[in-house]
Amino acid sequence: MEGKVDNRQNVVKLVAAFEEQCQSCSPSREENEEKDQQGRHGLSFKCLRSLRCKIREDDWRRPQGPDLEPGSQEPEEKKIALELLETEQAYVNRLHLLDQVFYTELMKEAKTGKVVPEEVVKMIFSNISSIYQFHAEFFLPELRKRMEDWNRNPRIGDVIQKLAPFLKMYGEYVKNFDKAVELITAWSEKSPPFQELIADIQKRKVCANLTLQHHMLEPVQRIPRYELLLKDYVRKLPPQSPDRGDAEKALEMIFMVAKHSNAAIAEMERLQNLWVVYQRLGLEDDIVDPSNELIKEGPIQKISTRNNSTSEKYLFLFNNMLLYCVPKVIQVGAEFQVHLRMDVEGMKVRELKDTEFPHTFLVSGKQRTLELQARSGEEMNAWIKAFQDAIDRKEKRSETFKTAVHGLETDTPALKTEELGRRAPQWVRDNLVTMCMRCKEPFNAITRRRHHCRACGYVVCARCSDYKAELQYDGNRPNRVCQECFIFLTGHTVLEDREGKHRGILEKGAAEVSSRSLLCSSLQLLDKNGKAGTRGWFVIPRDDPLVLYIYAAPQDVRAHTSIPLLGYEVRDMAQSESRHLFQLLQSRQVFTFVADTEELKQRWMKAMARSAAGIAPPEEEEEEEGAGPCDEAQ
């Protein structure tokens, strides 16, 4: 009887310590009100983890009984083994209360359909029935049997070693614990009969004036207690004890079980924190994913390339994506609005040396490139490290990620040629240039304003960026690009007048170019379906023998399209309906032409094939072929 009183006093002390710790971990009233609005109830995992740390101290251990005084003749290891047996008996009694009293009576009322749904009761108690059955029918009887035979066989390590793997079932219970307490709170408010039934059971003597929630905490505490007791038991064993090998192995297994239980708590805490973040972001469907892991979050300054100023933003860096957000002015529901989502895969990060904006770094992704400013060098390094860690982890998990991610190789904002259109470029700031980076004409506020090429990031004028090309990083949507990027991305370009400049061969009239050409004539260029097409004047200039220029008419003052021939394949096509067809092919680009005669088709195929291979024809051949077709057409 005296042992039971001591044990009850220990439980009361432990609960008092738990309540005290929860109070110290509890948020302010304002924070509580905010969490209530979000629908979060129950005990904090921070408190739970702190309590588990308290259990790792010795203050929870019961005082030794009169028959086990420190000066008694019993070996120290036997005293610990007896303590394990006694606490196990008390623990089984607690499990009996949870499973056979609380759970059974609540389930009985639930079956009437008036108090609470059966599924809610099952979710509250999780797998408590399996835990109770294991301890009551297997673990406790084995321990009791071994202690009764202690004098003949003084060991418990083999018993714990045999049954330890079954303790992994605690992971499910621990993972469900916070949800269970939340359900108890919610249904106590929703269903008065539910609350009255629990209150009635809690008044019984067997509950020792403790609430259901505190009784449910006992299984969460049990595994750390096993670990401490067994660690003390191994420490007190004589060097030659027959139980040393089994006990050490059992301690190792219990340690792994405790690690499994701690992992369950950490996983539940991660999901709980993740859910809070999702609520702050408005629970957008394309963001909510339980597999995500929040790595870092915080305010940041975004540097504008337009007006050379900064604006406050907020970043959420996950293991697989970056959310670029702005705080909402009226925070009803969501706290932030997501402006941009960037994949971590393919992302690069590096520090920028900027005297005007210190502590800046560059985040370059497939969707966009951001120049960001931290509040200090220390904060900047923390962000860069967080980004690089996320990138490295993503790289290790991705089998197809082949490019080493260690920052951009150069200090220039220009992308490598093979990256054009595939990765968002770093935009050159407006204030760093005074003239178009392509035509070199000076900018002014009225007739020549600044624009950015969405492929290379250069600052260019309207004439040099009056082109559209599909960019892979933007979902293959057409974007404004400069002429050079347009040529590279599409294989041809639309030519524009350059006011105030000397005319180059690209901007001279068709008649002038034709008079000094390798080959020129009228052809028809079919559409993608190979049916309708437009007729025009086609020229391969002698001064530029690797490019085909297309004019709308022989006397036009400028060409409307150019096709770089180098690298193309020239393919003959069977005659169809008296039409003399041939094609130019390169990658996904296909141009289909119709000549007036078979002879003209063969001459064009020969000239294009030489240009595609980069072969310059002899002078006499140039003269011969340069005059013929043009003279005929003219």
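**Loops, helix packing and two sheets in a predicted model**

Ala 208 is found in the loop between α9 and α10, the latter helix spanning residues 212–236. In this predicted model, Ala 208 adopts a positive phi of about 55°, although the residue is not a glycine. With a relative accessible area of 24%, Ala 208 is partly exposed, given that the buried class is confined to values under 20%. A second non-glycine residue with a positive phi, in this case of about 60°, is Asn 476, which is found in the loop that connects β10 (467–471) with β11 (477–481). Asn 476 is likewise partly exposed, its relative accessible area being 45%.

Helix α9 (residues 192–202) packs against helix α4 (residues 76–110), and the two axes lie 11 Å apart at an angle of about 150°. Angles over 145 degrees count as roughly antiparallel, and α4 and α9 are therefore roughly antiparallel to each other. The crossing in which α4 passes α9 is right-handed. On the α4 side, the contact is made by Val 101, Phe 102, Glu 105, Leu 106 and Glu 109, which meet Phe 194, Leu 197, Ile 198, Ile 201 and Gln 202 of α9. Divided by class, the residues of this contact comprise seven nonpolar, one polar and two charged.

Helix α4 also packs with helix α6 (residues 128–148), where the axes come within 9 Å and cross at roughly 150°. The α4 and α6 pair is therefore also roughly antiparallel, but the crossing of α4 and α6 is left-handed. The contact of α4 with α6 involves 17 nonpolar, five polar and four charged residues.

Tyr 173, which is placed in helix α8 (residues 170–190), is buried, with a relative accessible area of 3%. When neighbours within four places in sequence are left aside, the contacts of Tyr 173 are Phe 125, Ser 126, Asn 127, Ile 128, Ile 131, Met 216, Pro 219 and Val 220. The C-alpha atoms of Tyr 173 and Met 123 are 10.0 Å apart in space, and the two residues are separated by 50 positions in sequence.

Turning to the strands, one open sheet consists of seven strands in the order β4-β3-β2-β1-β7-β6-β5, with antiparallel pairing. Strands β4 (336–343) and β5 (348–352) stand at the edges of this sheet, and each has a single partner strand, so one side of each is left without a neighbour in the sheet. On average, and with direction ignored, neighbouring strands of this sheet are turned by 35° against each other. Within the sheet, strand β2 (residues 310–318) and strand β3 (residues 321–327) are joined by four bridges in the antiparallel sense, and Leu 317 has Leu 322 in β3 as its bridge partner.

Another open sheet of seven strands has the order β15-β14-β13-β12-β18-β17-β16, again with antiparallel pairing. Its edge strands, β15 (561–564) and β16 (569–572), each pair on one side only. The average turn between neighbouring strands of this sheet, direction ignored, is 35°. Helix α15 (residues 598–612) packs on the sheet and touches β12 (517–526), β13, β14, β16, β17 (580–586) and β18 (589–595), while the direction of the helix makes about 110° with that of β12.

Strand β13 (residues 533–541) pairs with strand β14 (residues 547–551) over three bridges in the antiparallel sense, and Trp 537 has Tyr 551 in β14 as its bridge partner. Towards the other edge, β16 and β17 pair in the antiparallel sense over four bridges, with Arg 571 standing opposite Gln 583 in β17. Strand β17 is in turn joined to β18 by seven bridges, and these two strands run antiparallel; in this pairing, Phe 582 stands opposite Phe 593 in β18. The hairpin formed by β17 and β18 has two residues between the strands, and Ser 587 in the turn has a positive phi of about 55°. Strand β17 itself is mostly covered, with six of its seven residues buried.

Key: Residues are numbered from 1 along each chain as its sequence is written. This is a predicted model: local features need pLDDT of at least 70, side-chain atom pairs count only at pLDDT 80 or more; totals for chains, interfaces and linings use all residues. Side-chain values use heavy atoms; hydrogens and water are left out. Two strands pair if DSSP finds at least two bridges between them. Axes are lines fitted to C-alpha atoms, for helices over the stretch in contact, and angles run from 0 to 180 degrees between N-to-C directions. Contact means heavy atoms within 4.5 Å. Angles under 35 degrees count as roughly parallel, over 145 as roughly antiparallel, 65 to 115 as roughly perpendicular and the rest as oblique. A crossing is left-handed if the near helix is turned anticlockwise from the far one by less than a right angle, and right-handed if clockwise. Ala, Val, Leu, Ile, Met, Phe, Trp, Tyr, Cys and Pro count as nonpolar, Asp, Glu, Lys and Arg as charged, and the others, Gly among them, as polar. Buried means under 20% relative accessible area, exposed over 50%, partly exposed in between (1.4 Å probe, protein chains only).
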